[in-house]
Amino acid sequence: MAEGPIAPLNPSARILMGPGPSMVPPRVYKALTTPLLGYGDPAFHRIMDDLRGLMRFVFNTKNELTFPVSGTGSAGMQTAVCNSLEPGDHIVVCINGFFGLRIADMAARLGADVTRVEAEWGGTIDPAKVKAALDAKPRTKAVAIVHAETSTGVLHPMADIAQLARQYGALLIVDTVTSLGGCPVEVDAWDADFVYSGTQKCINVPPGLSPITVSARGQEALAARKSPVVDWYLDLSLIRGYWDGRVYHHTPPTSMIYALYEGLSIIVEEGLEARYQRHTTNAQALHAGLEAMGLQLLVKPELRLPSLTTVRIPEGVDDAKVRGALLNVHNLEIGGSVGALAGKCWRIGLMGYGSTPQNVFGLLSSLNIVLNQQGFRADGPAALGAAARVLGG
Ligand SMILES: Cc1ncc(COP(=O)(O)O)c(C=O)c1O
C-alpha cells in the first residue's frame, strides 16, 4: 500500500472514447443503486424473466436459452468455447485480430484440435480458406468468428461463414462483444449457435456480465455431450437450472443485472434501427473528420465497424504522448492498440451512449490540438467542417 493516508475514491469523470469500457448513462448508474433482492425472491425472478426478453430483442433471436453469464466478455467467450467443445473436438477459428487469437487459445487449452484460418489484421477472412479447413476435417464440431474485431475495427460480413458452418454441420460461435447494441446482430437470421457479448461496449453498462444466447441446435449439442463441461462456474446446463428452474447455482450479481436491465431498456426505447443509424452517422462523421485532418484509417470503408475506429499513428508522432495529453489535459480516453497493431494505431470508440455528435467534434478538436503540439500539422478546421457536413451542421 502507498505511504500516507488513503486517498478518497474520486476519479475524474473521463470522456471514455477508447475500446471500452464505454460511457455509462445516468439511468444505468442509478439502476446500480437499486436495493438488492434475494436470489430466491419472486420479485427478482420477474426481473430475470423480463431481462431475458430484453436480451432476445437486441440479439434478434427467439432462442429460449438466453441469459447473462457472470463475468466480463471473456467469460462469455469461455462459456461458448467450453460448452460447445469437448477435448479432441475439431474447431476452425477465424483469426483476423486479437480476439480471434484468444478464442483459439481457449479452445487449445481445453484440448480441442484447433485449425486457425488467418487474415491480416484490418482485413477479413477468406471464406474459401474456411471451406478448405472444413473439407480437410469434415467432422468439425464448430466454427468461431469475431463479428466485430475491437483490435482492428473490422465488422466481419457473416453470410458466407454462417452458410459454411451450416453446410458442414458445424456449430457457429460468434463474438458480438463490440457489435451488440451498436450495429445489427441477427442471431436467428445468421442461424448462429453460441453468440455472446459483453456489457461494457455499446450497451453502456459497466464490465461484469456477458449476455449469451444458444440455438436449439446448440442445446442439442449440450445434451449430447459425453463429458461434463470442465468449467463448473460456466456450465450452461447448470446455470440454466437457476434461470429456468430457480435452483441455486451461484449468487447472481444482482446490481449488474439491474444495470443490464436498464441499459437494454434504453436500447428498446430508442429502437434498434434508430440506434444503428445513429452509430453509422456519427462514425461516418468521425471518419470524414479524421481523414480531412490528414490522418489515415486502417480499415477500408465497407468493412468499418461503426462503434470502433482504428487510425494509423502518423510517422514521427509519439503514441504515448498523444494519448497522455488527451487523457491528462482533455480528460478524454482513446485506446492504443494491441498485438500486431501495437504502437501503430489508435482506437477510438463511439459506443452507444457515447456515440454523439458532441463526442465526434470534441475528439476532433482535442486531437487536432494535441497533434499540432506534437509537431504534426493537423488541419483542425477541415476536420470539423468535414464532420459537420456529414452531421448536417
Ligand atoms: C471482440 C471482443 N471479444 C472479447 C472481449 C473480452 O471482453 P472483456 O475484456 O470484457 O473480458 C473483448 C474486449 O474488449 C472484445 O473486444
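Colleague: What is the phi of Gly169, which follows α6?
Modeller: This is a predicted model: local features need pLDDT of at least 70, side-chain atom pairs count only at pLDDT 80 or more, and totals for chains, interfaces and linings use all residues. Residue numbers start at 1 in each chain, following its sequence as written. Helices (H or I, at least four residues) and strands (E, at least two) are DSSP runs, numbered from the N terminus. Just after α6, Gly169 has a positive phi, near 65 degrees.

Colleague: Which residues of helix α6 (residues 159-167) are buried?
Modeller: Count the other C-beta atoms, placed from the backbone, within 10 Å of a residue's own: 20 or more means buried, 12 or fewer exposed, and in between partly exposed. In helix α6, four names pass as buried: Ile161, Ala162, Leu164 and Ala165.

Colleague: Why are they on the same side of α6?
Modeller: An α-helix has 3.6 residues a turn, so residues three or four places apart point the same way. The arc is taken from the directions that run from the helix axis to the C-beta atoms. The buried residues are on the same side of α6 because their arc around the axis is only 160 degrees.

Colleague: Which residues are exposed on the other side of α6?
Modeller: Look away from the buried residues Ile161, Ala162, Leu164 and Ala165. Exposed on the other side of α6 are Ala159 and Gln167.

Colleague: Which elements do the buried residues of α6 pack against?
Modeller: Contact means C-beta atoms, placed from the backbone, within 7 Å. Ile161 of α6 touches Cys94, Ile125, Pro127, Val130, Val143 and Ile145, leaving out residues up to four places away in sequence. Taken together, the buried residues of α6 pack against β3 (90-95), α5 (127-136), β5 (142-146), β8 (171-175) and α7 (187-190).

Colleague: Which residues have the most contacts inside the largest nonpolar core?
Modeller: In soluble globular proteins, nonpolar side chains tend to be buried together. A nonpolar core is a set of buried Ala, Val, Leu, Ile, Met, Phe, Trp, Tyr and Cys residues joined through C-beta atoms within 7 Å. The largest one here has 120 residues, and the most contacts inside it belong to Val130, Val143 and Ile161.

Colleague: Which domains does this core draw at least three residues from?
Modeller: The chain divides into two domains, with bounds from an automatic or database domain assignment. The core takes at least three residues from each of domain 1 (26-269) and domain 2 (272-391).

Colleague: How does the side of domain 1 that touches domain 2 divide by class?
Modeller: The C-alpha centres of the two domains lie 29 Å apart. In contact are 21 residues of domain 1 and 22 residues of domain 2. Ala, Val, Leu, Ile, Met, Phe, Trp, Tyr, Cys and Pro count as nonpolar, Asp, Glu, Lys and Arg as charged, and the others, Gly among them, as polar. On the domain 1 side, that gives 10 nonpolar, 10 polar and one charged.

Colleague: Which helix gives the largest share of the shell around the ligand?
Modeller: A residue is near the ligand if its C-beta atom, placed from the backbone, lies within 6 Å. The shell has 16 residues, the closest being Thr72, Gly73, Ser74, Thr150 and Val177. By class, seven are nonpolar, eight polar and one charged. The largest share, three residues, comes from helix α3 (residues 73-84).

Colleague: What is the omega of the cis peptide bond from Gly20 to Pro21?
Modeller: Most residues other than glycine have a negative phi, and most peptide bonds are trans. Pro21 sits in the loop between β1 (15-16) and α1 (26-31). The bond into Pro21 from Gly20 is cis, with omega near 5 degrees.

Colleague: What is the phi of Asp191?
Modeller: Asp191 is in the loop between α7 and β9 (194-196). Asp191 counts as partly exposed because it has 15 C-beta neighbours inside 10 Å. Its phi is positive although Asp191 is not a glycine, near 60 degrees.

Colleague: What is the phi of Arg246?
Modeller: Look in the loop between α9 (236-245) and α10 (254-270). Arg246 is partly exposed there, since 13 other C-beta atoms lie within 10 Å. Arg246 is not a glycine, yet its phi is positive, about 65 degrees.

Colleague: Is Ala387 buried or exposed?
Modeller: Ala387 belongs to helix α14 (residues 380-391). Ala387 touches residues including Ala285, Leu286 and Val360. With 26 other C-beta atoms within 10 Å, Ala387 is buried.

Terms used
Contact = placed C-beta atoms within 7 Å.
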